[in-house]
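Colleague: Please take a close look at one part of this model, the salt bridges. I should like a connected account that also places them in their surroundings.

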Amino acid sequence: MCHGRAAVLPPPLPPSSWGKLLQKIAELAGGSGSPPPAALQRKAPESEPGLDADSDYGSLGSDSDSIIDDPFEEFLCADVIQLIEQSLTEAKHSALHCFKLLIPDQLTGQVAEELLRLAAGEPCGLRGAVLHLSVEDQDGCKEVDRIVVDSSLPPTFELALVLRLEAGLWSKIQDLLSSGPSFTPGYSQALRLSPHFRIIKRKLYSSTEIFIEEC
């Protein structure tokens, strides 16, 4: 249930403005390239296959301490994490061009903690969030999905979750493994996400408040 006084909310940030914001923040953080425009609102299907069996997903339920003691928020956050995982699964053959996506076991737990923390002071909690999910590589940000947590409510804040692909030796090894004639051009055998990510929060009822977290 939502708490606090009712407010007349402005319309969500236009996709073009949101993209410019992400591009500027990426430049300030040393990134390159600009993210593509925002996608349409996500509607999760009834069931979808998970990620590869060798993908290492952390469990939200394994966290020893919760940032806020609200079982409903934690349950809702677990659903959002599942949607993020599902979106990454679908992005393997579209935005990411890979056959396998490897996830550090601590990544989803850290993302869940940040989602709960950033939603804690909001009038409707995590229900009021719109999440823009993207993956950053050396060429810039690739948009993966746009997730509206509760479409029955007007959103109160936007989050941009920017996951990063592992660079360095892992990337060079994958380039070598994917260069043979038996592999699909433009595809990698496997990509690994970094345990580090960026999350940006913008309150829709306060045009001056933007929070950036580097994790």
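Modeller: Helices and strands are DSSP runs numbered from the N terminus, a helix being H or I over at least four residues and a strand being E over at least two. The model is predicted, so that local features need pLDDT of at least 70 and side-chain atom pairs count only at pLDDT 80 or more, while totals for chains, interfaces and linings use all residues. Residues are numbered from 1 along each chain as its sequence is written, and side-chain values use heavy atoms, with hydrogens and water left out.

With those terms, the protein contains 4 helices and 6 strands, in the sequence order α-α-β-α-β-β-β-α-β-β. Of its 215 residues, 45% are buried; buried means under 20% relative accessible area, exposed over 50%, and partly exposed in between, using a 1.4 Å probe and protein chains only. A contact means heavy atoms within 4.5 Å. Of the contacts between residues at least 6 apart in sequence, 77% join residues at least 24 apart.

I turn now to the charged pairs. A salt bridge is a side-chain nitrogen of Lys or Arg within 4 Å of a carboxyl oxygen of Asp or Glu, and this rule gives 9 of them. One lies within a helix: E114 and R117 both belong to helix α3 (residues 107-119), 3 residues apart, or about one turn. Their closest N and O atoms are 2.9 Å apart. E114 counts as buried because its relative accessible area is 12%, whereas R117, at 33%, is partly exposed.

R117 also forms a salt bridge with E213, where the closest N and O atoms are 3.0 Å apart. Because R117 lies in helix α3 and E213 in strand β6 (residues 210-214), this pair ties together parts that are 96 residues apart in sequence. E213 is partly exposed, with a relative accessible area of 25%.

Another salt bridge joins R164 to E136, with 3.5 Å between the closest N and O atoms. This pair links distant parts of the chain, since R164 lies in strand β4 (residues 157-165) and E136 in strand β2 (residues 129-137), 28 residues apart. Both R164 and E136 are buried. They belong to a network of salt bridges that also takes in R198 and E214.

The nonpolar surroundings come next. A nonpolar core is a set of buried Ala, Val, Leu, Ile, Met, Phe, Trp, Tyr and Cys residues joined through side-chain atoms within 4.5 Å. The largest such core has 37 residues, and those with the most contacts inside it are I84, L88, L115, L161, L163 and L193. Two or more residues each come from α2 (71-91), β1 (98-102), α3, β2, β3 (140-148), β4 and β5. The greatest contribution, 8 residues, is made by α2. In soluble globular proteins, nonpolar side chains tend to be buried together. Beyond residues up to four places away in sequence, L193 touches several partners, among them L88, V135, L163 and the salt-bridged R164.

A further charged residue, K203, lies in strand β5 (residues 188-203). K203 counts as buried because its relative accessibility is 14%. Neighbours within four places in sequence aside, K203 is in contact with E122, T156, F157, E209 and F211. The C-alpha atoms of K203 and E122 are separated by 8.8 Å, although the two are 81 residues apart along the chain.
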